[in-house]
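Visitor: Please take me closely through one turn and the strands beside it, and then follow the connections outward from there.

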Amino acid sequence: MIAFIAVMAGFFFPLSAASCCGGGSSASLVLPKFARFLYDTSVAHELYDGFWNSKGQYQKDPVGSDLRQMRINMGAAYRVHDNIQTFLSIPYVVNINQYTGLKNTTYGAGDITLGLNIELFNDIRCVYRVLSLDDLWPAIYLGAKVTVPTGISPYDNIPNSFDITGLGFYTFDFGLLLDKTIKSWNISIAGNYSVGLQRPVNMEYGRYIEPYNITPGDRLNLTASTGYTFTFDSMDSLTFTFGYGYVKDYFSKINGLENQISGFEKHNLLVGLAFATADQNNVIKLNNTFNLPLNGWGINKPATITTILEYSHVIR
Amino acid sequence: MLFDKKYFLYLLAILYSFSCSNPLPLSNLFPDGTDKRNINSENPTYSGLQVGNSVPDLTFFNTDGTTETLSNILRLRKGVVIYFTMWCPLCETHMDYIRFNIKPGYPDIEFYLMDYVSATITGAQDNQTATGYTDFQAALDKNFTLTDLFYGTMGTTIVIDKKSVIKMNEDFKNGQRLSNVLAAIP
């Protein structure tokens, strides 16, 4: 179960990035039941692979372009109560953008995330077989996190959009994760809603402009996934996960008025592999989130292929 | 244990030292809404030509292979709008808005899409054709002349009036500023 929860943790509050449009925010971390502490290191590689325009039509990136973002993420989760855990996640972002006439590599801190997860269950909810209705009850997590704009945003003293490593807003996320494991099979459903704080702006890309107030669009994330765990004779385990996710950004606001040309939608697919040692204290994960390059699978958003290699260590 | 706690602390220290070489921008933590456009002592690093500045005569390398000068355009038109594009989804949203909501109302204004990411005029033309914006005048920013002059980047929108004076140099956002600025051009 820990391996599956670990895979899902990145999906619970999905990674969000785009080197040309902000990003670099980090995922949340979920500590296994009864564990005291977890630390986590990951390297994410996001390759841009075309985009959907405002009509939902898929288009290729300019010929000869090669656009990528890498994120090194350090995180830790700590149990403060039998049913409450906190986490901190610190990303470092590298943007690699290459067009036929332009080559640019920049790096900087991303947006730091801290939050808490509340467990609405008192014992481990994975069962070997179902003997009663209670055995069907899932593990339920309520999550909240704040993203602190420590990254570089379009509102900083920077020359261009390739330097962006953060969104520039304080955002608050509220999430729900339902997770159930029966024998080797697992199913999980997660959703979260993100609300950003309004902020004043008096600079764009290093240039003072007429001040205005901007509020980022709310964001809705819904995901569902299933997994299967193979357990070896040594009791080490390997978990395969397949998932689907939907993300929608609603209109942002400028001086209180909706910006009708903002917002986006995107459908994601996830495949994941997690190896856990027999004591379940060390987990190595390889996740791949990707989009299908088809019309209607997104609006106003780049299609990406994100590969994340992650190591988590649990202290009980 | 595959990985001791101290290694985690080492990695955090490395991450922190990276951050020190590129300090955290506090402007996002404590955003400022003060109008600083006319405070010369606080001129930012990347301002480029500002609203009110005169623009020297520029040469536009059009994607159809021709060249055009700013002075020649302004002889025939009331002004020029230059939109910096890298043919991205955000750029397309902006360009669509210009196409359907702004351009039809200003037949006396020239609207230019400025490609600052392609190496050649042919490449810029290919991008323009692939994205379907052939009803716009598009040009390649050869040697980043305009990018450097205006500090243009994705979404930067420039308005130059008939007297070669800059009326707008900022991000497109929702298009409202562009509409307002164009409405004020005599």
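Guide: In the hairpin of S19(A) and S20(A), 5 residues lie between the strands, and one of them to look at is A:Gln280, which takes a positive phi near 65 degrees. The model is predicted, so to speak of local features a pLDDT of at least 70 is needed and side-chain atom pairs count only at pLDDT 80 or more, whereas totals for chains, interfaces and linings use all residues. Residues are numbered from 1 along each chain as its sequence is written, while chains are lettered from A and ligands numbered from 1 in the order in which they are written.

Strands here are DSSP runs of E with at least two residues, and helices are runs of H or I with at least four, both numbered from the N terminus; two strands pair if DSSP finds at least two bridges between them. Strand S19 (residues 264-276) of chain A runs antiparallel to S20(A) and is joined to it by 8 bridges, with A:Phe275 standing opposite A:Ile284 of S20(A). In a regular strand the side chains alternate between the two faces of the sheet. Strand S20 (residues 282-290) of chain A shows this alternation, in that A:Val283, A:Lys285, A:Asn287 and A:Thr289 point to one face and are buried, while A:Asn282, A:Ile284, A:Leu286, A:Asn288 and A:Phe290 point to the other and are not. Buried means that 20 or more other C-beta atoms, placed from the backbone, lie within 10 Å of the residue's own; with 12 or fewer it is exposed, and in between partly exposed.

S20(A) is also joined to S22(A), by 9 bridges in the antiparallel sense, and A:Thr289 has A:Thr306 of S22(A) as its bridge partner.

From S22(A) the path leads to the other chain. The contact between the chains takes 60 residues from chain A and 52 residues from chain B, where contact requires C-beta atoms, placed from the backbone, within 7 Å of each other. On the side of chain A that touches chain B, the elements giving two or more residues include strand S3 (37-52), strand S13 (199-204), strand S14 (207-215) and strand S22 (301-315) of chain A. S13(A) gives the largest share of that side, 6 residues.

S13(A) belongs to another hairpin, formed with S14(A) and having 2 residues between the strands, and A:Tyr205 in its turn has a positive phi of about 45 degrees. The two strands run antiparallel over 5 bridges, and A:Pro200 stands opposite A:Asn213 in S14(A). They are part of an open sheet of 4 strands with antiparallel pairing, in the order S13-S14-S17-S18 (chain A). S13 and strand S18 (257-258) of chain A each have a single partner strand, so one side of each is left without a neighbour in the sheet. Within the sheet, S14(A) pairs with strand S17 (residues 253-254) of chain A over 2 bridges, in the antiparallel sense, and A:Ile214 has A:Ile254 as its bridge partner.

Across the contact, S22(A) appears again beside a helix of chain B. S3 and S22 of chain A, together with strand S3 (79-85), S4 and H5 of chain B, are included in what covers the buried residues of H4(B). Those buried residues are B:Pro89, B:Leu90, B:Cys91, B:Glu92, B:Thr93, B:His94, B:Met95 and B:Ile98. Helix H4 (residues 89-102) of chain B, with 14 residues, reaches 19 Å from its first C-alpha to its last, close to the expected 20 Å, the expected span being 1.5 Å times one less than the number of residues.

The chain B strands just named lie in an open sheet of 7 strands with mixed pairing, in the order S2-S1-S5-S4-S3-S6-S7 (chain B). Its edge strands, each pairing on one side only, are strand S2 (67-69) and strand S7 (166-171) of chain B. Inside the sheet, 4 bridges join strand S4 (residues 109-115) of chain B to strand S5 (residues 137-140) of chain B, and these two run parallel; B:Tyr112 stands opposite B:Gln137 in S5(B).

How values were computed. Two residues are in contact if their C-beta atoms, placed from the backbone, lie within 7 Å.
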